[in-house]
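I opened the notebook today to record, entry by entry, what I looked up in this structure. The entries go from the whole chain to single residues.

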Amino acid sequence: MAIGITTHNACVDFPIFDAKTRSLKKAFLGKAGGAIDRNSSDVVVVEALRDITIDLKDGDRVGLVGHNGAGKSTLLRLLSGIYEPTRGSAEVRGRVAPVFDLGVGMDPEISGYENIIIRGLFLGQTRKSMLAKMDEIAEFTELGDYLDMPLRTYSTGMRVRVAMGVVTSIDPEILLLDEGIGAVDAEFMKKARVRLQELVKRSGILVFASHSNEFLAQLCDTAMWIDHGQIRQQGGIEEIVRAYEGDDAGDHVATVLKELARDAGVEPAERPRDEEHG
């Protein structure tokens, strides 16, 4: 069976059973980013996602853009099967590697080495496969003897190194990635991005939520603008970033795409300026 993701008018609602005051509802809305309504049982609900229709196939590389609380992370959780659609449908065909929170599946009381195995099991790997990758992951983290120590002795940046080492060692059919990284030094981040690019090449489908337009341009072919729980616009990376953030951001993405094409030995066709903004 070919891998793929298909949703049709999928909605995700969160019921707020104790929302008795307007201030409480406003506080929740500020974090969830959805629209407030009431269901047939007169329970207050937040519509976190509304009418999501997508059809992704092997080879698709999709970036998600939108403000914090727009619904990007909720969409990733819908596509992973963590959330079931309240209305509509969602079908995922293939082995999913959900990478949302780099700290999930890690135990502060056991060593870095043991956490490498635990984190791998959480992502659907076998103990045997993680043991086979152990030396390579350990070398990537650059943590040395620290890997023998309990995770609670690590800084946040050190924990991210362990998690990134495991995440970038797997071979997913469907990779759902939320860029929860950044608590590491710039030199290591550069190294981690190279491994993430290699991971994307090995994956069948990528859906990637990020605030870094440059990183989106490096990893994705198309993009979706998520706004208040809905897909506002879909298209090429440059087109969507330009629509979402304006011409300066769009011009930067265009420059990155030209550099990537040049590095790959492909000269992109020049388009008239008015057509680019068309």
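What follows are my entries on the overall make-up, one sheet, its helices, a helix pair and a few single residues.

**Entry 1: the whole protein.** I noted at the outset that this is a predicted model, and I kept that in mind for everything below. I counted 10 helices and 10 strands in the secondary structure of the protein. Of its 278 residues, 45% count as buried. I also looked at how far apart in sequence the contacting residues are: among contacts with a separation of 6 or more, 69% come from residues 24 or more positions apart.

**Entry 2: a sheet of 6 strands.** I traced an open sheet whose 6 strands come in the order β6-β7-β8-β4-β9-β10, and the pairing in it is mixed. At the edges I found β6 (96-99) and β10 (230-236), each of which pairs on one side only. Direction ignored, neighbouring strands of this sheet are turned by 15° against each other on average.

I then went through some of the pairings one by one. β6 runs parallel to β7 (residues 174-178) and is joined to that strand by 4 bridges; here A97 stands opposite L175 of β7. Between β7 and β8 I found 5 bridges, again in the parallel sense, with I174 opposite I205 of β8. β4 and β8 are also parallel, joined by 4 bridges, and the bridge partner of G63 in β8 is F208.

**Entry 3: strand β8.** How many residues of β8 are buried? I found that 5 of its 5 residues are, so to speak, under cover, and the strand is described as mostly covered. Looking at the two faces separately, I saw I205, V207 and A209 buried on one side, while L206 and F208 are buried on the other.

**Entry 4: helices lying across the sheet.** I looked next for helices that lie across these strands. Helix α6 (residues 186-202) lies across β4 (61-65), β7 and β8 (205-209), and runs at about 150° to β7. Helix α8 (residues 237-245) lies across β4, β9 (222-227) and β10, and its angle to β10 is about 135°. In α8 the buried residues are I237, E238, I240, V241 and R242, and I noted that this list includes E238 and R242 alongside I237, I240 and V241. After α8 comes G246, which has a positive phi, near 105°.

**Entry 5: the pair α3 and α4.** Two packed helices are described by the angle between their axes and the distance between the axes. For helix α3 (residues 112-122) and helix α4 (residues 127-141) I wrote down an angle of about 130° and axes 9 Å apart, which makes α3 oblique to α4. The crossing of α3 past α4 is right-handed. On the α3 side, the contact is made by Y113, I116, I117, G120 and L121, and on the α4 side by R127, M130, L131, M134, I137 and A138.

**Entry 6: T7.** Is T7 buried or exposed? I located T7 in strand β1 (residues 4-16), and its relative accessible area is 3%, which is under the 20% cut-off, so T7 counts as buried. I then asked what lies by its side chain, and found the backbone oxygen of I52 at 2.8 Å from a polar atom of that side chain. Apart from neighbours within four places in sequence, T7 is in contact with I52, T53, I54, L79, S89 and A90.

**Entry 7: I5.** I5 is found in strand β1 as well, and at 0% relative accessibility I5 counts as buried. I5 and I54 are 49 residues apart in sequence, and their C-alpha atoms are 7.5 Å apart in space. Leaving aside neighbours within four places in sequence, the contacts of I5 include I54, D55, L56, L79, E91, V92 and R93, and also I174, L176 and I205. I174 and I205 were already in my notes as residues standing opposite each other.

**Entry 8: S203.** My last stop was the loop between α6 and β8, where S203 is found. At 5% relative accessibility S203 counts as buried. Not counting residues up to four places away in sequence, S203 touches R61, P172, E173 and L175; L175 is the residue that I had noted opposite A97.

Definitions and conventions. Residues numbered from 1 in each chain as written. Predicted model: local features only at pLDDT ≥ 70, side-chain atom pairs only at ≥ 80, totals over all residues. Heavy atoms only, no water. Buried < 20%, exposed > 50% of the residue type's maximum accessible area, 1.4 Å probe, protein only. Polar contact = N/O pair within 3.5 Å; in protein donor to acceptor, adjacent residues only side chain to side chain. Contact = heavy atoms within 4.5 Å. Pairing = 2+ DSSP bridges. Axes fitted to C-alpha atoms, helices over the stretch in contact; angles between N-to-C directions. Parallel < 35°, antiparallel > 145°, perpendicular 65-115°, else oblique. Left-handed = near helix turned anticlockwise from the far one by under 90°.
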